[in-house]
Each structure stands twice: as C-alpha cells, then as structure tokens.
Amino acid sequence: MPVKKSKGRKEIDKIIIEKGKRGYYSPLQPDHSHNFFEIFYLLTGECRFLLKDSVYQLGKGDLVFIAPGELHHSMYPDGDTCEMVMIYFKKEHVVMSDLSDSRSFMGSVPALYQEEFQGLLSKMLSEASRIDEYSPSFLQCYLAEILLLLMRHSVMNEKEPDLLNARDADILLATKYIYKNFQKPLTLEEISAVASLSPTYFSRKFKQITGMGFKEYLNYVRLKHAQAALLTTNNTITDIALECGFNDSNYFKDLFKKVYGKSPREYRKGTN
C-alpha cells in the first residue's frame with residue numbers, strides 16, 4: 001500500500017496541541033505519515049494504533065510517539081469513545097540534542113507521573129489559545145519539559161536487550177510487556193505466555209538474552225521507577241513502593257538498600 005500524507009495536516013510552522021474525541025463513529029483513518037513529530041496521548045477509553053508494522057492496544061495513560069515519515073493510524077472499537085491529546089512539532093521547535101535520534105515508539109506514562117504529565121498538557125492547551133505574545137515561548141518550554149519527563153521516567157528511552165535476530169523477538173515482547181505493566185503483580189506464567197514459551201524454557205532464554213532472571217529484571221524495572229519517584233515526587237515511601245508494583249514496603253526498602261546502598265529515605269534526603 002502506498003504511503004499517504006496526512007490529509008488534515010501536511011505542514012506545520014509552529015507547535016500545535018489539540019484535544020479531541022474519537023470513536024466508532026469517526027471517519028476511518030487511512031495509513032498516513034507526515035514530516036513532523038507527533039505525540040498521541042490517550043486520556044480515556046481504549047483504541048488500537050498502527051505504528052509502522054505493529055498494532056498496539058492503547059488504554060488510559062498510553063501514548064504513541066511518532067517520528068517524521070512513520071506510517072500510522074488509529075482505530076476505534078464499536079460503542080467506545082476515546083478522549084486524546086495530540087501534539088505536533090518539528091525538531092527545530094525544541095532545543096534538545098537527543099531529539100535528533102528519536103524513534104517512533106509506544107509507551108505508557110506510569111500512574112505516579114500522570115498527574116504531572118497531564119498538568120503540562122493542560123498548560124500547553126491553555127497557551128495554545130494565544131494568551132499573549134509569550135505563548136509560543138511557553139509552548140516551547142512546556143514541550144521540552146514533557147519530552148524530558150518522558151525520558152526521565154523511561155517512557156521514551158526504555159532499555160531493552162540487544163536483539164540480534166528474529167529468534168529473540170519473543171523476549172523483546174516480554175520486556176516490552178514488563179515495562180508497560182510493571183505496576184501489576186506479574187508472574188512468570190503470565191510473562192512466558194506473552195512470549196508464547198513454556199515457563200521453564202522462557203526462564204532459561206530470558207536470562208541468556210538479558211543477563212538477568214525474570215524476577216531480577218522485573219525488580220530492576222520497578223526500582224528504576226521508584227528511584228525516579230523518590231527524587232521527583234513527595235509521595236510517601238510506602239505509596240511509591242505500592243505504585244511501583246511492590247506489595248510489601250519492607251521488602252521494597254530492603255531491596256532498594258541492597259541495590260543502591262542506601263535506604264529509600266536516605267537516598268531521598270541525600271539528594272536534597
């Protein structure tokens with residue numbers, strides 16, 4: 001199928017942010033691409049999103065980062081209405097060197113940071129109404145803050161094992177699933193099913209590819225998010241432990257100290 005340019009927006013000369021609703025009643029989107037970046041963030045509902053050659057199921061808090069030239073479109077199930085925010089921008093609209101190597105991806109904003117993320121979106125939507133001559137500069141600042149937040153909380157730069165061939169695609173599916181669902185009580189049986197492997201074979205192959213066992217890798221992801229939460233939120237240590245998937249705050253404290261050499265409280269105080 002030939003790639004079609006977006007009919008709605010072929011070119012932009014400024015940062016654009018829009019809030020909208022779509023559903024089963026919306027016109028069917030053709031596969032399309034454009035020559036600027038897009039962030040698609042789902043506020044409510046569920047939808048499917050085609051990005052390059054993969055189709056993702058999106059829910060509340062999920063986002064899609066679309067690089068220039070990448071084929072994409074969204075699809076909506078019968079009877080459901082989704083609310084979303086879209087941001088369109090070009091590389092020159094943001095002073096960030098890391099953006100030059102940005103790739104398309106689907107990610108999820110952890111619940112710990114959704115309030116902060118949505119607050120930035122609200123500020124951008126307000127400035128988009130052109131409050132005064134400073135609005136374009138505020139839009140640029142808020143967009144940079146959004147991108148930095150995505151990077152800081154591993155939404156934009158997830159660390160995945162280096163997969164050298166198609167035989168490892170099942171493990172990549174598993175690591176992506178862990179990153180998206182680390183707050184849930186994940187089990188070996190559930191993750192091995194995602195990879196379509198038996199639990200025994202999955203455990204062996206997962207450690208061979210990632211260098212860590214499944215539980216060790218899951219704790220690594222959870223601790224990474226907890227570490228960021230300690231530095232960027234005022235949430236209690238118990239709340240952070242629960243939000244990051246640890247159902248026992250004492251276990252979280254012991255594990256954190258073992259990995260980082262300090263208790264969560266000491267780690268938080270030591271950076272102030």
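**Cysteines, a sheet and a helix**

Modeller: The structure holds zero disulfides. This is a predicted model, where local features need pLDDT of at least 70, side-chain atom pairs count only at pLDDT 80 or more, and totals for chains, interfaces and linings use all residues. Residues are numbered from 1 along each chain as its sequence is written, and side-chain values use heavy atoms, with hydrogens and water left out.

Biologist: Why is Cys 47 not bonded to Cys 82?

Modeller: A disulfide is a pair of cysteine sulfur atoms within 2.5 Å. The sulfur of Cys 47 has its closest cysteine sulfur in Cys 82, at 4.9 Å, so the pair is too far apart for a bond.

Biologist: Why does Cys 47 count as buried?

Modeller: Buried means under 20% relative accessible area, exposed over 50%, partly exposed in between (1.4 Å probe, protein chains only). Cys 47 has 0% relative accessibility, so Cys 47 is buried.

Biologist: What makes S2 and S10 edge strands?

Modeller: Strands (E, at least two residues) and helices (H or I, at least four) are DSSP runs, numbered from the N terminus. Two strands pair if DSSP finds at least two bridges between them. The open sheet runs S2-S9-S4-S7-S10, with antiparallel pairing. S2 (16-23) and S10 (105-108) each have a single partner strand, so one side of each lacks a neighbour in the sheet.

Biologist: How do you know that S2 pairs with S9?

Modeller: Eight bridges join S2 to S9 (residues 81-89). Ile 16 stands opposite Tyr 88 in S9.

Biologist: Why does the span of H6 agree with its residue count?

Modeller: The expected span is 1.5 Å times one less than the number of residues. H6 (residues 214-232) has 19 residues, so 27 Å is expected, and its end C-alpha atoms are 27 Å apart. Its buried residues include Phe 214, Tyr 217 and Leu 230.
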